[in-house]
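Q: I would like to learn how to read a protein structure, feature by feature. Could you walk me through this one?

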Amino acid sequence: MKRYVSIDIGGTAIKYGVIQEDGQIVSRDVMDTEAHKGGAGILDKVQKMIERFRAQEEICGICISTAGVVDTERGSITYSAPLIPDYAGTEFKKVLEGRFHIPCEVENDVNCAGLAEYYAGAAEGSRISLMLTIGTGIGGSLVIDGEIYRGISGSACEVGYMLMPGGDFQTLGAASILSKKVAGWKKEPRARWNGFRIFEEAKAGDELCIRAIDEMTDVLGKGIANICYVLNPETVVLGGGIMAQEAFLRKRIETSTAKYLVPEIARHTVLAFAKHGNNAGMLGAFYHFQRCQEGIGRGNLQ
């Protein structure tokens, strides 16, 4: 059975491993991105990990999921936030295919998560599915009949920048707002409060932690409703590390979304939690690779 290297590049960590042609992850590991070393440092890391895998077994392709705006035709980064210096212009496909002489395909990480959930996750069977990844920021992707909707410049569904009263969607509704609010209200150093502790304290009845979560989920509900008014997706999939708290968050997000959506649209919108967690990027990169090799994955659905 053919095997492929799949690599998920984030600002903090790179998750990587080998995936069989049936979609089974047969090995998986993680390393620090060391984003301060920039695009050249990341490209060097990627080449070294591929060398290690090829020394152990035959590898038939390279699948890459990455932060940043991606030109899927060229397999390169066209824009990246300052977290990874000099990442724009990194030519993954050109360099890796030139060195290893096997095909390489590259896609944005949130788009990969959306593909993973569409093909084998919470959005399986949905004609139109919206994927939201909620972490330090908020990312979005839209899959229509199995195709990523990219927009004219490849930056469709950058929902984190959506303007809302008091700021943008990701400033007000991402997980990072929790520690900022709780630390401020308690007049304590922000470093003492992370998402895990806030949820644990909320479950134990801490009123300020509960308030911060309720305010965050209200923003999420409003943002989801605004997006649904424009896109009318069949399924909205919520992913990102904070969504591991599904038992605590589901009812709150469902309630806030319903508050801001008219009943007819709410009735036709399924709110789901992502199934693949930290494997979504690797799996989605593999599905994107498969589609590209079939000649149907790089198109710019507009």
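Q: In which sense do S2 and strand S3 pair, and over how many bridges?

A: Good place to begin, and please keep in mind that this is a predicted model. To read a strand pair, look at the direction of the two strands and count the bridges. Here S2 and strand S3 (residues 25–32) are antiparallel, with 7 bridges between them. One pair to look for is Ile19, which stands opposite Ile25 in S3.

Q: What links S2 and S3 along the chain?

A: For a link of this kind, follow the chain from the end of one strand to the start of the next. S2 and S3 form a hairpin, with 4 residues between them. Gly23 sits in that turn and has a positive phi of about 90°.

Q: And how does S2 pair with strand S1?

A: Strand S1 (residues 3–9) runs antiparallel to S2, and 7 bridges join them. Asp8 has Lys15 of S2 opposite it. A hairpin connects this pair too, through 3 residues.

Q: Is strand S2 largely enclosed or open to the outside?

A: For that we count buried residues, meaning those under 20% relative accessible area. In strand S2 (residues 13–20), 7 of the 8 residues are buried, so the strand is largely enclosed by the rest of the structure.

Q: What is the order of the strands in the sheet that holds S1 and S2?

A: To read a sheet, list its strands by who pairs with whom. This open sheet has 5 strands in the order S3-S2-S1-S4-S7, and the pairing is mixed. Its edges are S3 and strand S7 (104–108), each of which pairs on one side only. On average, neighbouring strands are turned by 15° against each other, direction ignored. Strand S4 (residues 62–66) pairs with S7 in the parallel sense, over 5 bridges, and Ser65 has Glu107 in S7 as its bridge partner. Helix H3 packs on this sheet, where H3 touches S1, S4 and S7 and makes about 95° with the direction of S7.

Q: Which strands does helix H3 lie across in the other sheet?

A: Let's lay out that sheet before placing the helix. Its 5 strands form an open sheet in the order S10-S9-S8-S13-S14, with mixed pairing. The edge strands here are strand S10 (147–148) and strand S14 (270–273). Within the sheet, strand S8 (residues 128–134) and strand S9 (residues 138–144) run antiparallel and are joined by 7 bridges; Ile128 has Ile144 in S9 as its bridge partner. Helix H3 (residues 109–120) lies across S8, S9, S10 and S13, at about 50° to S9.

Q: Which residues touch the most other members of the largest nonpolar core?

A: A core is read as a network, and the useful thing to find is who has many partners in it. The largest nonpolar core has 39 residues, and Leu132, Leu178, Leu238, Met243 and Ile253 touch the most other members. Elements giving two or more residues to this core include S8, S9, S13 and S14 as well as helix H5 (176–186) and helix H7 (207–231). H7 provides the largest share, 10 residues. There is also a second, separate core of 27 residues, with Ile9, Ile42, Ile59 and Ile102 among them.

Q: Where does Met243 lie, and is Met243 buried or exposed?

A: Met243 is in the loop between strand S13 (235–239) and helix H8 (246–260). Its relative accessible area is 6%, so Met243 counts as buried. Beyond its neighbours within four places in sequence, Met243 contacts Ile134, Leu220, Leu238, Leu249, Ile253 and Phe273. Ile134 is 109 residues away along the chain, and yet the two C-alpha atoms are separated by 7.5 Å.

Q: How is Ala175, in another loop, classed: buried or partly exposed?

A: Ala175 is partly exposed, because its relative accessible area is 22%. Ala175 belongs to the loop between helix H4 (169–173) and H5. Leaving out residues up to four places away in sequence, Ala175 touches Ile134, Gly135, Met216 and Ile242.

Q: Which side chain of opposite charge is nearest to Asp168?

A: For a buried charge, look for a partner of opposite sign. Asp168, in strand S12 (residues 167–168), is buried but has no salt bridge, and the nearest such side chain, Lys180, is 10 Å away.

Notes
Residues numbered from 1 in each chain as written. Predicted model: local features only at pLDDT ≥ 70, side-chain atom pairs only at ≥ 80, totals over all residues. Heavy atoms only, no water. Buried < 20%, exposed > 50% of the residue type's maximum accessible area, 1.4 Å probe, protein only. Contact = heavy atoms within 4.5 Å. Pairing = 2+ DSSP bridges. Axes fitted to C-alpha atoms, helices over the stretch in contact; angles between N-to-C directions. Core = buried A, V, L, I, M, F, W, Y, C linked by side-chain atoms within 4.5 Å. Lys, Arg positive; Asp, Glu negative; His and termini not counted. Salt bridge = Lys/Arg side-chain N within 4 Å of Asp/Glu carboxyl O.
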